Amino acid sequence: MAMMSHRLRRALLTATSSFNRSISLSPVTSLAPPADFPTASVVLQRSVLGRFTGVNRAPARLFSTKQYKLYKEGDEITEDTVLFEGCDYNHWLITMDFPKDNPLSPEEMVSTYEHTCAKGLGISLQEAKEKIYACSTTTYQGFQAIMTEQESERFKEIPGVVFILPDSYIDPQNKEYGGDKYENGVITHRPPPIQHNRRPRDRFNSRSDRGGGGGQNFQRNAQYGQQPPMQGGGGGYGGPPQHSYGSPGQGGQAPPPFQGGYNQGPAGSPPPPPYQAAGYNQGQGSPVPPYQGTPGGYGQGGPGNYSQGPPQGGYNQGGPQGNGNLGPAPGAGNPGYGQGYSGAGQISGGTLRASDDFPVDKYLIELKDEASKLQYIFEYITFRDLLIDCNYRGGAIAVINSLRTSIDNCYITRFGNTNGILVQSGHETYIRNTFLGQHITAGGDRGERNFTGTAVNLMGNDNAVTDTVIFSAAIGVMISGQANLLSGVHCYNKATGFGGTGIYLRLPGLTQNRIVNSYMDYTGIIAEDPVQLQISGTFFLGDAFILLKSMSGVVKGINIVDNMFSGSGNGVPIVKLDESRKAFHDVDQVVVDRNSVNGMAMKSTVAKGSVDGNGTSWTVDFNPVLLFPNLIKHVQYTLVADGFPVHALRNVSGNRVMVETNAPVTATVYVTVDQ
């Protein structure tokens, strides 16, 4: 079974010998647990959607050599326990994929099934027909045949084969498998059977829980995606109840994400029995009924069908909180992507601490799979209530090519000159209620000018950091992906005066990020060539300011509005321009306005001024206020004078507005400009 490459490095030995699992990826080093804390140490396995490998497979079962005992409530679950009638590992479902541009007829599909069976088992075509007992060309594409588990593994390299799964009765009362009945080449279409309180599938039916560890209760051809087959269709007879979620193009709905788990407990303790239709108690949560799909005809997850969706399993982390769920579970990936994602895992409660020889270029938790070619690898993984001590070695958490990952209520500290949290590619990693700092301090640290590293590095799109405190690092949040949201973020990581940056937006030319309702505490924001950036409702303390840094001279679609700035009275501008590389020449839709300023110099792209006197020329100088030099795009003025002089706007260069009259007059000129 492929590892869930959280790559939770061969980490942590637990405080007790009875729970000696490791957070593993590489055998190079280990994490030493702190003496005072039990460690949350686990193996994160790839879910049922993971790639099949030959590593850690359960020993092959020989045909008819074992007697399996059907599970009944209260029974002890052993290697020989079967949770679903008919699942004897001698009956197998092989699903196949056919070209969409040149679809085969049902007869041609059945012929393909027969030849595939013959090829996989190495037998004649006639012998293959005798092995096949069911098939389908409609609600799913595949056949069922009698073979040993060892023989089933031969099919995973055959072109066209997608999944190989153990079969079980769709109608236990009549001992009927799913699909249309096949007898030596004769196909009998069958109506949907009546259900008899069939248990939903769960993780205890996987090979890894049947003794021997490792392995999964399905295999897949490496050339296909990782999502199990959809076993249903509108109005038709459903196939075997292996899974109620499906590959693209076969309709249906994905099952809900993982809703429970079992407590790992001490070594040797059996897991509890599978939950019944009345609901499944997931720790401290409310009972969750099994996924039943939508009402209608019988099927396996298609629209209008009865569904036997599996409750995605997991196991309790066993940390101090005792309420975490983690583990192999089918993800609820979007079928539209044409690929499956491993998901629905959780680590909750515990302490991770790096050893003295932990690699400085690694992370204690690495959610990635370098061998995968999928666009997205993992989905719905949660890290909650963790203290992660990096021991000034590597980083804490790396989330790579993942969807909908949550990092909630974690304390991350003592990371090295790297990232505390790295988010790269993927979508929708949510970091919330979390505290990060390279050094444990409450501010005013004597070594603050020597802080290094980046607390959060967002190198992907559509992520959020909310209600999070960053109390020490050279850079609080580094952003190089679009459509991210920072809200309620308090940065006092390293003062700007010491060379620190609270938030650094390194997305020249297309920023598309929002920073709202946050607190920049003696450390500011830098944005390179920002295009579409919102900064609002944020408090800047201690001369903290916003720096717009020119890379190619572009700044567009910027809103810096409704913020508060408080400084020391030394005239530090609230917004600065860095044009040392190139002057800003492409400025459009930039609004810096409605900011409250105390003890700092106001800068704005909208300004009002007035001048009065007697004469023919009036000039209002906006240089102290306007952000960009020598740039006034719009002017509106009013001249209030005795009499009716002829007047005109004569000049707007150098951010100075000059109005002239045709004759001397006593007047006041009111001017409004914007850039």
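Two strands count as paired here if DSSP finds at least two bridges between them. The model is predicted.

Start with the whole chain. Its secondary structure consists of three helices and 42 strands. Of the 675 residues, 55% are buried. Among contacts with a separation of 6 or more, 66% are between residues 24 or more positions apart. Show the surface next: the chain exposes about 27100 Å², and carbon and sulfur atoms supply 49% of that area.

Now select residues 501-505, strand β27. Five of its five residues are buried, so the strand is largely enclosed by the rest of the structure.

Add residues 475-479, strand β25. β25 and β27 run parallel and are joined by four bridges. For a point of reference, pick Ile475, which stands opposite Thr501 in β27.

Then add residues 525-528, strand β30. This strand also runs parallel to β27, with three bridges between them. Here the pair to label is Tyr504 and Ile526, the latter in β30, standing opposite one another. β27 thus has a parallel partner in β25 and another in β30.

Move to residues 106-121, helix α1. The helix has 16 residues and reaches 23 Å from its first C-alpha to its last, close to the 22 Å expected at 1.5 Å a residue. Colour its buried positions: Met109, Val110, Tyr113, Glu114, Thr116, Cys117, Ala118, Gly120 and Leu121.

Finish just past the helix. Which residue follows α1, and what is the sign of its phi? The residue is Gly122, and its phi is positive, near 70 degrees.

Terms used
Residues are numbered from 1 along each chain as its sequence is written. This is a predicted model: local features need pLDDT of at least 70, side-chain atom pairs count only at pLDDT 80 or more; totals for chains, interfaces and linings use all residues. Side-chain values use heavy atoms; hydrogens and water are left out. Helices (H or I, at least four residues) and strands (E, at least two) are DSSP runs, numbered from the N terminus. Buried means under 20% relative accessible area, exposed over 50%, partly exposed in between (1.4 Å probe, protein chains only). Contact means heavy atoms within 4.5 Å. Accessible areas come from the Shrake-Rupley method with a 1.4 Å probe; for residues, only the protein chains shown count as cover. The expected span of a helix is 1.5 Å times one less than its number of residues.
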